[in-house]
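Me: I'd like to learn how to read the aromatic and nonpolar packing in this model. Can you take me through it, starting with the basic terms?

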Amino acid sequence: MSEYELADLAGVAMSNFLTSFTVFVSIVTAYVVAAFAAGKRLSKVQVSIVNVCFLMASGAIGLLSLLIFQVFLRRAQALTAISEANLGSPITVDFTWVLVILYLVLIGGSLLFMRSVRRTLSGE
C-alpha cells in the first residue's frame, strides 16, 4: 500500500470518527433538552425507560466512535512509520483515554442533570 493510499484511508477514518462523535454529542444534547423540557413531568417508569435508551444509544455510539478512532490511530501510526525517512521522527499521540473520560463525563453529567431537574422541580 502506498503512502498516499494510507493517508487517504487515515483521512476517511478520521472523517468517520468525527461523524460518530457528532452523533454522540447529538444524543447527549437531545437527552439534556428532553430532561429540561419534560423531566419533571415524567413518571419513574418513563424516566427509567428514557435513561435505559439513553445509556444504550450513547454507549453504543460512544464505543463505535472509540473503535473508529483506534482505526484512524493505527493507520496514522503506519503512515508515520512509512514517512519517518522523509519527515524525521514525527510523533503520533494516542488520546483514547481522554476520549473515554470525555464520554463518561458527558454521560454522567447528563444523568446528573436529569436527576437535579427532577429533584429541583418536583420539590424534593
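Reply: Start with burial: a residue is buried under 20% relative accessible area, exposed over 50% and partly exposed in between, using a 1.4 Å probe and protein chains only. This is a predicted model, so local features need pLDDT of at least 70 and side-chain atom pairs count only at pLDDT 80 or more, while totals for chains, interfaces and linings use all residues. Residues are numbered from 1 along each chain as its sequence is written, and side-chain values use heavy atoms, with hydrogens and water left out.

Me: Is Phe72 buried or exposed, then?

Reply: Phe72 is buried, because its relative accessible area is 18%. Phe69 is buried too, at 1%.

Me: How many aromatic pairs turn up in the whole structure?

Reply: Rings of Phe, Tyr and Trp (its six-membered ring) pair if their centres lie within 6.5 Å; planes under 30 degrees apart are stacked, over 60 edge-to-face, and the rest tilted. Searching the whole structure gives 7 aromatic pairs. Take Phe24 and Tyr103: their ring centres are 4.3 Å apart and the planes sit at 35°, so this pair is tilted.

Me: Where in the chain do Phe24 and Tyr103 lie?

Reply: Helices are DSSP runs of H or I with at least four residues, strands are runs of E with at least two, and both are numbered from the N terminus. Phe24 belongs to helix 1 (residues 3-38) and Tyr103 to helix 3 (residues 96-122), so the pair links distant parts of the chain, 79 residues apart. Both Phe24 and Tyr103 are buried.

Me: What about the rings of Phe69 and Phe72?

Reply: Their centres are 6.0 Å apart with planes at 45°, so that pair is tilted. Phe69 and Phe72 both sit in helix 2 (residues 44-87), 3 residues apart, or about one turn of the helix. Ring pairs join Phe69 and Phe72 into a cluster with Phe17, Phe21, Phe24, Phe95 and Tyr103.

Me: What does Phe72 touch outside its own stretch of sequence?

Reply: Contact means heavy atoms within 4.5 Å. Leaving aside neighbours within four places in sequence, Phe72 is in contact with Ala10, Ala13 and Met14.

Me: And which residues have the most contacts inside the largest nonpolar core?

Reply: A nonpolar core is a set of buried Ala, Val, Leu, Ile, Met, Phe, Trp, Tyr and Cys residues joined through side-chain atoms within 4.5 Å. The largest one here has 17 residues, and those with the most contacts inside it include Phe54, Phe69, Phe72 and Leu99. Helices 1, 2 and 3 each supply at least two of its residues, with helix 1 giving the most, 7 residues.
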